[in-house]
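Work through these exercises with the structure open beside you. Each task is followed by a solution in steps.

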Amino acid sequence: MVVDIDEKSLKHGVLGLVIAIVEIIRDALKLQAMKRMESGNLTEEEMERLGEALMDLDTAIEEIKEEQGIIESVKSVRDGLDEIVDDVLDRMINPERWKEESEQWA
Amino acid sequence: MGLDTKFIDKTNAMPGNENKVKEVGRYLYCIADAGESLSLGGIGIAKNRVYTIPYNDICAVVHNCPAQPYQSENHDIVKTWVITHQEVVDAAWTRWGTVLPLSFDTIIKGESDSNAEQNVKDWLKQEYERLKKKMEDVRGKAEYGVQVFWNPKIISQNLMETNQGIKELNDVIRTKPKGLAYMYRQKLENLIKHEMETGADVCFRVFYNRIKKHTTDIRVEKTKKAEQGLQMILNLSCLVHKDRYPELGEELDSINQMEGFSVRFTGPWPPYSFVGGVS
């Protein structure tokens, strides 16, 4: 198979991938921030600062996506990853799928 | 169709094939509830002639093929084959009323043409009791696909209005400076997400039970991605007796009328999901 590389679309793809990863890290940060907040270890002032920082990060990511026209490409990377995780989990937790799989390879 | 000719070239020219003992096969579409020997014409995969091989009062619907599975890297070609497979099963189903569909690429092989035919008969004979029993299980019934969707926007909007915890949190957010408001908004979103997941579980159980009582048999399928911002919360294959079809329709209608919910109802199909393990 010949892989046709168009420099522009390559750039788009790589950038989309990078931003998707940044988004995932941001989501992990948010999750941590929420946990800290919920544990009650943060002062109001600290929460305010944390919230502002995360909000700025959100804004920066959205701006980059818009400027570079990669909203769709980021979404497709994330959807693709979601699907993989979904599929793996589905296979792990549903005994029915184990059966289907063993039948498939029998 | 251009695809078909390409495919014929390919299978006939399978590498190494000419040196081996030439094995032939019968491609099986389904088992039908009739003991007749008859041709259905060139409606098979790659325009092959489809005909029946009878044993006693049942028959296998087949075409002659090489003794190797239909395989292709090309997704479109495979899709065409699978669709043709379904069309043949449909034709048999329309004709005989009761069929046991087999899955794509079910092939019985033999060392010669007559031997392959005999192997199909032997298989029918050997499995006769089991096939007849399955035939009785699906007689007078058809398979329907039922998918229930919800519109997350409408559902979450309803939660905002009715759920006390969510309402309170929403009020708190308005009084906070922007950094804190952001943090609380995340909390609110998580809360809504959690409530919706619980809600989806409840809906699943409720709808499943409402639908199940109209079916003879039911299978839970994996939910798929939906379009237009909808989410699929329930995906079922139902085996339904034809007399009970109207009441199932009414049940689904009443779900369809609930705010934020919609139902997709497909069928009737031959009982693909309810003959597991026939081959």
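**Exercise 1.** Which residue of β8(B) is the bridge partner of R219(B)? Place that pair in its sheet.

*Solution.*
- Start with the pair. In this predicted model, R219(B) has S237(B) in β8(B) as its bridge partner.
- Move to the strands. β7(B) and β8(B), residues 231-241, are joined by 4 bridges and run antiparallel.
- Now lay out the sheet. It is open, has 4 strands in the order β7-β8-β6-β9 of chain B, and its pairing is antiparallel.
- Look at the edges. β7 (217-220) and β9 (261-269) of chain B each have a single partner strand, so one side of each is left without a neighbour in the sheet.
- Add the turn between strands. Direction ignored, neighbours are turned by 20° against each other on average.
- Finish with the helix. α8 of chain B, residues 245-256, packs on this sheet and touches β6 (141-150), β8 and β9 of chain B. The direction of α8(B) makes about 160° with that of β9(B).

**Exercise 2.** Describe the sheet of chain B that contains β1 and β5. Which helices lie on it?

*Solution.*
- Set the order. 5 strands form an open sheet, β2-β3-β4-β1-β5 of chain B, with antiparallel pairing.
- Find the edges. β2 (39-41) and β5 (99-110) of chain B each pair on one side only.
- Note the twist. From one strand to the next it averages 25°.
- Zoom in on one pairing. β1(B), residues 24-32, runs antiparallel to β5(B), and 8 bridges join them. Within these strands, G25(B) stands opposite K109(B) of β5(B).
- Place one helix. α3(B), residues 113-126, packs on the sheet and touches β1, β3 (50-55), β4 (58-66) and β5 of chain B. Its direction makes about 140° with that of β5(B).
- Place another. α4(B), residues 128-138, lies across β1, β3, β4 and β5 of chain B, at about 160° to β5(B).

**Exercise 3.** How many residues does the largest nonpolar core have, and which elements supply it?

*Solution.*
- Recall the general trend. In soluble globular proteins, nonpolar side chains tend to be buried together.
- Count. The largest nonpolar core has 32 residues. Y29(B), C30(B), V61(B) and A92(B) have the most contacts inside it.
- Trace the sources. β1, β3, β4, α2 (75-96), β5, α3 and α4 of chain B each supply at least two residues of this core.
- Take one residue. Beyond its neighbours within four places in sequence, Y29(B) is in contact with residues including V50(B), V61(B), H85(B), A92(B) and L102(B).
- Look for another core. A second, separate one of 14 residues includes F149(B), W150(B), I233(B) and L234(B).

**Exercise 4.** Which elements of chain A touch chain B? Work out how α1(A) meets α7(B).

*Solution.*
- Size the interface. 14 residues of chain A contact 10 residues of chain B.
- Assign elements. On the chain A side, α1 (7-39) and α2 (44-68) each give two or more residues. α2(A) gives the most, with 9.
- Classify that side. It has 7 nonpolar, 1 polar and 6 charged residues.
- Check the geometry. The axes of α1(A) and α7(B), residues 178-212, come within 11 Å and cross at roughly 100°. The two helices are therefore roughly perpendicular.
- Name the residues. K30(A), A33(A), M34(A) and M37(A) of α1(A) meet M183(B), Q186(B), K187(B) and N190(B) of α7(B).
- Sort them. This helix contact has 4 nonpolar, 2 polar and 2 charged residues.

Conventions. Residues are numbered from 1 along each chain as its sequence is written. Chains are lettered from A and ligands numbered from 1 in the order in which they are written. This is a predicted model: local features need pLDDT of at least 70, side-chain atom pairs count only at pLDDT 80 or more; totals for chains, interfaces and linings use all residues. Two residues are in contact if their C-beta atoms, placed from the backbone, lie within 7 Å. Ala, Val, Leu, Ile, Met, Phe, Trp, Tyr, Cys and Pro count as nonpolar, Asp, Glu, Lys and Arg as charged, and the others, Gly among them, as polar. Axes are lines fitted to C-alpha atoms, for helices over the stretch in contact, and angles run from 0 to 180 degrees between N-to-C directions. Angles under 35 degrees count as roughly parallel, over 145 as roughly antiparallel, 65 to 115 as roughly perpendicular and the rest as oblique. Two strands pair if DSSP finds at least two bridges between them. A nonpolar core is a set of buried Ala, Val, Leu, Ile, Met, Phe, Trp, Tyr and Cys residues joined through C-beta atoms within 7 Å. A residue is buried if 20 or more other C-beta atoms lie within 10 Å of its own, exposed if 12 or fewer, and partly exposed in between; C-beta atoms are placed from the backbone.
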